[in-house]
Amino acid sequence: MATIPWLVDVLRSAGVQVVVQGDWLNRMRPGDFNPIGVLWHHTAATSSASNPHPALNVCINGRSDLPGPLCQALVDYHGVFHVISAGRCNHAGTSRGSGPIPAGDGNTLMIGWEIDYNGVNQEMTAAQYNASVAATAAVLKRLGKDSSYARGHRETSTSGKIDPSFIDLNVMRADVAAKMSGGGGTWSTIVDNTTAGRFTASANWGVSTYSGQRYGADYRYANPVLASDVAWYKVNVPATANYRVDAWWPGVSGYNSATPYIVSTTTGNKTIVVDQRTGGQWRTLGTFTLPAGDANRVGVSRWTTASGLVIADAIRVTRV
């Protein structure tokens with residue numbers, strides 16, 4: 001059985017904060033472990049600043065139906081890597097194959113990060129994402145592999161796993177590739193319609209939980225009119241630079257086919273029209289130069305001649 005006793009040193013050399021959990025060098029499951037890639041998961045536990053790693057004990061010791069350890073490392077709310085094992089863990093199950101990862105025993109093939117967030121009405125924090133990107137890039141370099149060997153559990157699972165929720169795995173791989181080539185512009189923030197102090201809309205915008213494709217607990221809707229009445233997302237942009245702007249809305253066949261999104265850039269407002277009849281995932285509006293500062297940066301307008309409800313759910317801004 002191979003092990004990865006170099007894991008802690010590689011993570012720390014990448015600038016990742018590490019906490020070693022007990023006898024990690026000898027805590028492992030029996031069986032082969034010859035990893036060629038890194039697999040991202042979420043724990044399904046709700047973490048917070050005051051309770052940053054609620055799933056840590058389970059990841060170390062396992063469950064009644066699945067003995068631990070359940071990952072090589074758990075990533076807590078603050079982006080700290082809790083290293084649990086240098087060997088084989090019960091995290092991946094059977095792999096159906098994804099990208100360069102072949103079908104087979106996922107526990108043999110992959111090193112696993114369990115990122116501690118619930119994945120239903122909670123997304124991973126920026127600290128978790130940035131630390132996971134840095135760690136993945138460093139480990140893949142150590143393995144002699146490129147960013148295509150970073151996968152999400154939902155890509156390899158044969159049993160319908162959804163983790164990790166609320167991230168675009170192709171974007172993740174692009175961020176890992178950038179980090180591996182010496183970049184690292186992975187600043188990213190998400191604003192939902194329920195994010196405190198970050199979303200404003202008039203009383204004309206209702207609240208709905210109708211579609212299960214929504215981001216978070218609910219979303220906002222309004223009838224189209226020939227007036228702007230913008231629902232705004234406020235973003236604290238750290239520096240004037242280029243940013244990719246993505247939007248999430250639940251797709252319903254009766255929703256609006258020509259919804260205008262407004263992005264406030266250094267050269268004025270830009271309008272992007274989208275079809276909200278299909279959705280339920282991040283859709284890229286484009287890459288724009290945004291000015292530094294805390295202000296309304298992305299909006300959804302009601303001004304459209306198309307029929308069907310206009311939806312405002314969530315947006316994501318990522319430095320590129």
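This passage describes the nonpolar cores and one open sheet of a predicted model. Local features were considered only at pLDDT of at least 70 and side-chain atom pairs only at pLDDT 80 or more, whereas totals for chains, interfaces and linings use all residues. Residues are numbered from 1 along each chain as its sequence is written, and side-chain values use heavy atoms, with hydrogens and water left out.

The largest nonpolar core (buried Ala, Val, Leu, Ile, Met, Phe, Trp, Tyr and Cys residues joined through side-chain atoms within 4.5 Å; buried being under 20% relative accessible area with a 1.4 Å probe, protein chains only) comprises 44 residues. L7, L11, W40, F81, W113, V139 and M172 have the most contacts inside this core. Two or more residues each are given by α1 (7–13), β2 (37–42), β5 (73–75), β6 (81–83), β9 (110–115), α4 (126–143) and α6 (169–180); helices (H or I, at least four residues) and strands (E, at least two) are DSSP runs numbered from the N terminus. The greatest contribution, 9 residues, comes from α4.

Beyond its neighbours within four places in sequence, F81 is in contact (heavy atoms within 4.5 Å) with residues including L11, V16, A73, V75, W113, A131 and A135. A second, separate core has 30 residues, among them A231, V237, Y243 and W249.

An open sheet is formed by 3 strands in the order β13-β14-β21, with antiparallel pairing; strands pair if DSSP finds at least two bridges between them. Its edge strands, β13 (206–208) and β21 (310–312), each pair on one side only. Strand β14 (residues 219–222) pairs with β21 over 3 bridges, and A222 stands opposite V310 in β21.

How values were computed
Buried < 20%, exposed > 50% of the residue type's maximum accessible area, 1.4 Å probe, protein only.
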